[in-house]
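Q: I am new to this structure and should be grateful for a close look at one part of it, the pairing of charged side chains. Please explain each term as it arises, and then set that part beside its surroundings.

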Amino acid sequence: MFILKSTSPRRIQILTDLGFLFQVTPANIDESQNKQEPALRYLERMVHSKLGQDLEPNHLYLAADTIVVFKDEILHKPTDLEDAVRILQTLSGKKHSVFSGAGLQTARSVDFFYEETVIQFKDWNEDEIRDYILRCQPFDKAGSYGIQDENGPVLERVGSYTNVMGFPLRSFFARSSVWLPYLERSFKRID
């Protein structure tokens, strides 16, 4: 059985659109960043924490996390409207990186992988930022935005679109030898 350790609507949608059948079993973890913890170490720790320890030997587990990094600082999900404004003002007119990491765990191994996408933001004023926040409600998103949002703040990107949505799809497909044996009977039939 394929088990997704995430309730992210975007990850669920990506995997569903690809035809995967899976069970959603989220992990309830503390996502606090340790003092002076580097961004990629934090990302890997979150993925491993979400995978957890309670594993059935015949199951495949997938966990993922996404971080937005600007000047070596992680810009987490906003705590409220004013925090979202602050984050988007920080990024306005500048480039930043989005890292999505994932872990595939079987009874024999854990494979952590990630991708980076570089995003250039539009140069927005506070009124444009507030309008976007009120319109799109990006409170559950790292960096306070979604790349898929209509009239959003993203001007251009270098790298994977699905990575910014929260899933390193290219790297996941590159590991098909790990997950395919668990999923051969889990694909939806298209007749």
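A: A residue is called buried when its relative accessible area is under 20%, exposed when that area is over 50%, and partly exposed in between, using a 1.4 Å probe and protein chains only. By this rule Asp 83 is buried, because its relative accessible area is 14%, whereas Arg 86 is partly exposed, at 40%.

The model is predicted, so local features need pLDDT of at least 70 and side-chain atom pairs count only at pLDDT 80 or more, while totals for chains, interfaces and linings use all residues. Residues are numbered from 1 along each chain as its sequence is written, and side-chain values use heavy atoms, with hydrogens and water left out.

Side chains of opposite charge can pair when their charged atoms come close. Here such a pair is called a salt bridge if a side-chain nitrogen of Lys or Arg lies within 4 Å of a carboxyl oxygen of Asp or Glu. The structure holds nine salt bridges, and three of them are described below.

Arg 86 and Asp 83 form one of these, with N and O 2.9 Å apart. Both residues belong to helix H3 (residues 81-91), where they are three residues apart, about one turn of the helix. Helices are DSSP runs of H or I with at least four residues, strands are runs of E with at least two, and both are numbered from the N terminus. An α-helix has 3.6 residues a turn, so residues three or four places apart point the same way.

A second salt bridge joins Arg 10 to Asp 140, at 3.3 Å from N to O. This pair links distant parts of the chain, 130 residues apart: Arg 10 is in helix H1 (residues 9-17), and Asp 140 is in the loop between helix H4 (126-136) and strand S7 (154-158). Arg 10 counts as buried because its relative accessibility is 16%; Asp 140, at 35%, is partly exposed. Together with Lys 141, these two residues form a network of salt bridges.

The third joins Arg 175 and Asp 111, whose closest N and O atoms are 2.7 Å apart. Arg 175 lies in the loop between helix H6 (169-174) and helix H7 (176-183) and Asp 111 in strand S6, so the salt bridge ties together parts that are 64 residues apart in sequence. Both partners are partly exposed, Arg 175 at 22% and Asp 111 at 23%.

Strand S6 (110-121) also leads to the surroundings. It is among the elements against which the buried residues of helix H2 pack, together with strand S3 (60-70), strand S4 (73-74) and S5. Those buried residues of H2 are Ala 39, Tyr 42, Leu 43, Met 46, Val 47, Lys 50 and Leu 51. Just after H2, Gly 52 takes a positive phi of about 75 degrees.

Gln 105, in strand S5 (residues 95-105), is in this neighbourhood too. Leaving aside residues up to four places away in sequence, Gln 105 touches several residues, including Leu 51, Gly 52 and Val 110, where contact means heavy atoms within 4.5 Å. Gln 105 is counted as buried because its relative accessibility is 10%.
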